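This report concerns a chain and its ligand. Please consult the sequence and the structure shown here while reading.

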Amino acid sequence: MTEHNGPALAPDEQAAQAFLRAAKLYWSGPMYRALRRQFVARGLDAAEPDQAERAMRGEPGYAFFCWLEHHLQREKYAGPRGLVHIAERQRAALLARLEEAAGDSMSSGLLELDPQLELPGWYVRTDYHQHPGGVWSDELAGFVYELGRRTTLPAQLDPYAVHQRFAAAVPDGDRRRILDLGCGTGRSQLPFALRWPEAELYGIDLSAPCLRLAHLNARELGVRAWWAQRRCEATGYPDAHFDLLHSTFLLHELPRRSVEALVREAWRLLRPGGHFVHLDFHSPPGGSWGAFIHYGHARRNNELFMRSFCETDFAGLQRAAGFEDIDMQLFDDGTGLPGPDGISESWRFPFQLFIARKPA
Ligand SMILES: C[S@@+](CC[C@H](N)C(=O)[O-])C[C@H]1O[C@@H](n2cnc3c(N)ncnc32)[C@H](O)[C@@H]1O
C-alpha cells in the first residue's frame with residue numbers, strides 16, 4: 001500500500017526530515033536505555049508513575065530526553081523544513097488533486113462532507129501529536145498527517161505495515177459491511193478491502209481534509225469505499241447495519257464520555273455475531289517504568305486523553321454493554337514485542353489489539 005499522492009520533498013527537506021528521523025532513533029534507542037538505567041539506579045521500579053515522575057524530574061538526562069521528545073516532533077511539523085511548510089509549498093497542486101478526485105463523488109454519496117457538523121471543543125482546541133492546527137483546520141491537513149506517519153514509528157520504513165498486521169489479526173467471519181471509525185486518510189481501512197474484497201467499506205471521521213484524501217487514496221488504488229464526515233459517538237447509520245466495526249489509533253484520542261458513547265453506538269450498529277475490534281494503546285507493560293514513559297509521552301506530545309484511556313476499563317465498558325469474547329492482547333507492531341518483564345530494548349507504544357463480539 002504505497003503513497004502515490006504525497007507532497008514531494010526537495011533535497012534540503014529530505015535531508016532535514018532524515019536528520020530528525022535519525023535523531024529520533026537515537027532518542028528511542030541509546031537515550032531511552034540510558035534513562036532506563038538511571039530509573040533502576042534510583043530504585044523507582046516499585047514507585048507509582050507520578051512519584052517516579054517527581055523523582056526523575058531533577059535528572060539532567062531526563063530533562064534532555066523530554067526536551068528532545070517534544071522538540072523533534074515540533075521541528076518535524078512546524079520547523080522551517082517541516083511538514084506544514086512542505087505541503088504549503090505545493091498547496092495549489094495538492095488541492096487540485098483533491099478536487100479532481102472528488103469529481104462527482106459528492107453527488108453520488110461516495111464522499112459525504114458535512115460543513116454543519118459541530119466539531120467537539122476538545123478536538124478543535126488540541127493540536128494532537130503537535131500537528132499545528134490539528135488534522136481538521138487546514139485543507140492540506142490530510143497530506144501533512146500522512147507525511148507525519150512516515151516517522152511516527154521511526155524504526156519502521158513502511159508506515160502502513162501496521163494496518164496490514166491489524167487487518168490480518170481480525171477474526172474470520174462473514175463481512176458484508178465494514179466500518180472504520182476515525183478512518184483518517186483511509187490507510188487503516190484499505191487492508192480490509194484486500195482481506196474482504198466483496199465487502200462494502202465505510203469510513204467516518206470528523207476531519208474533512210482527511211476524508212478527502214481517504215477518497216483520493218482509495219480511488220488511486222481502485223478501491224470502492226464510502227467516506228463520511230460523521231461522529232463515531234453518534235454515526236447516524238441504521239441499527240444492525242455492520243458486520244465489523246474497527247478503529248486504529250482512535251480510542252486514545254477520545255475523552256472518557258466519548259469512549260462510553262462509542263461502545264453504546266457500536267452495540268447498536270452491529271448485527272448479532274458482529275465484531276468490534278481496535279488497535280490502540282493501553283496497559284503499558286513494564287510496570288512503573290512502562291507507565292512513566294507512556295504517560296510522559298502523552299504530556300509531551302499533546303495526547304490529551306492518552307492517559308485517561310489507559311485508566312479506562314475498556315473491557316468492563318464492553319461487558320456492561322453486552323459484548324462477549326472480550327479480549328486484549330499485546331500487539332507486535334512489526335518491531336517485536338517487549339521482553340518477558342514487559343520492557344522493550346527501544347521506546348515503543350504499548351500497542352494492544354482489542355476484540356469483542358456482539359452475541360449471535
Ligand atoms: C490518529 S488518527 C488515526 C487515523 C487512521 N485510523 C489511521 O490509523 O491512520 C485519529 C483519527 O480519529 C479522528 N477522530 C477523533 N475523534 C473522532 C470522533 N469523535 N469521531 C470520528 N473521528 C474522530 C481524527 O480526526 C483522526 O483522523
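The text below treats the overall fold and then the surroundings of the ligand.

The model is predicted: local features need pLDDT of at least 70, side-chain atom pairs count only at pLDDT 80 or more, and totals for chains, interfaces and linings use all residues. Residues are numbered from 1 along each chain as its sequence is written, and side-chain values use heavy atoms, without hydrogens and water.

The chain has 15 helices and eight strands, taken as DSSP runs (helices H or I, at least four residues; strands E, at least two) and numbered from the N terminus. Its C-alpha trace spans about 60 × 50 × 35 Å along the principal axes.

The ligand is surrounded by 22 residues, of which Tyr123, Arg149, Gly182, Ser188 and Asp205 come nearest; a residue is near if one of its heavy atoms lies within 4 Å. This shell comprises 10 nonpolar, six polar and six charged residues, with Gly counted as polar and Tyr and Cys as nonpolar. Two helices, α7 (121–124) and α8 (141–149), each contribute at least two residues to the shell.

Nitrogen atoms of the ligand form the following polar contacts (pairs of N or O atoms within 3.5 Å).

| Residue | Protein N or O atom | Distance to a ligand nitrogen |
|---|---|---|
| Ser188 | side chain | 3.0 Å |
| Cys232 | backbone | 3.0 Å |
| Glu233 | side chain | 3.1 Å |

The protein covers 98% of the 600 Å² of accessible area that the ligand has on its own, by the Shrake-Rupley method with a 1.4 Å probe.

Technical notes. Polar contact = N/O pair within 3.5 Å; in protein donor to acceptor, adjacent residues only side chain to side chain.
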